[in-house]
Amino acid sequence: MTKKYLLVALSAIIFVVSIAFINAQAQPANVSRDSETLSKPNIVLVHGAWADGSSWSKVIPLLQEKGYNVTAVQIPLTSLAEDAAVTRRVLAMQSGPTILVGHSYGAR
C-alpha cells in the first residue's frame, strides 16, 4: 500500500484511540475503573465512495490487537438512503458504546 494510505490508516487509529481514551476518562468518580468494569467501545468502520469494506483490512487487525470489537460496514453505494440504512443496521447489532468512523463519502 502507499504511504498516503498508511498515513490515513494511522490517523484513523489515533482518532479512535483518542476518543476511546476520552470516553474512559469521562466516567463518574463513583464508578470503579478496574479492567473488569471498563469495556472498550465497539468500532464500526464505513468505507468511502470509491472503495469497499476491504479498504480497512490493515486497520482492523491493529484495532483488534488492542482489544476492540471492530466491524467494517459493506455499504452498497447504490444510494445515500440505502448506504445509511445498511450502516444503521450494523450499528443496531452492536452491544454497548460504539464509535462510528467514516472515510471520504462526500462528492467531489
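## A loop leucine and its patch

L77 sits in the loop that runs between β2 and α3 (80-92). Keep in mind that this is a predicted model. With a relative accessibility of 34%, L77 falls in the partly exposed class, because that class covers the range between the 20% cut-off for buried and the 50% cut-off for exposed.

L77 doesn't sit there alone: together with L80 and Y105, L77 makes up a nonpolar patch on the surface. Added together, the three residues L77, L80 and Y105 offer about 280 Å² of accessible area.

## The strands and the helix between them

Now for β2 itself. Strand β2 covers residues 70-73 and pairs with strand β1, residues 42-46. The two run parallel, and four bridges hold the pairing. If you want a spot to look at in the viewer, try V46, which stands opposite V73 in β2.

Helix α2 (residues 59-65) belongs to this picture too: β1, α2 and β2 form a β-α-β unit, and its hand is right-handed.

## A lone salt bridge

How many salt bridges does the count come to? Just one. The partners are R89 and E82, and their closest N and O atoms lie 3.4 Å apart, so the pair makes the 4 Å cut-off.

Are these two partners buried or exposed? Neither, as it turns out: R89 is partly exposed at 47% relative accessibility, and E82 is also partly exposed, with a relative accessible area of 31%.

Methods:
Residues are numbered from 1 along each chain as its sequence is written. This is a predicted model: local features need pLDDT of at least 70, side-chain atom pairs count only at pLDDT 80 or more; totals for chains, interfaces and linings use all residues. Side-chain values use heavy atoms; hydrogens and water are left out. Two strands pair if DSSP finds at least two bridges between them. A crossover is right-handed if, with the strands pointing away from the viewer, the path from the first strand over the helix to the second runs clockwise. A salt bridge is a side-chain nitrogen of Lys or Arg within 4 Å of a carboxyl oxygen of Asp or Glu. Buried means under 20% relative accessible area, exposed over 50%, partly exposed in between (1.4 Å probe, protein chains only). Patches are made of residues with over 30% relative accessible area and no salt bridge: like charges are joined within 9 Å, nonpolar side chains (Val, Leu, Ile, Met, Phe, Trp, Tyr) within 5 Å. Accessible areas come from the Shrake-Rupley method with a 1.4 Å probe; for residues, only the protein chains shown count as cover.
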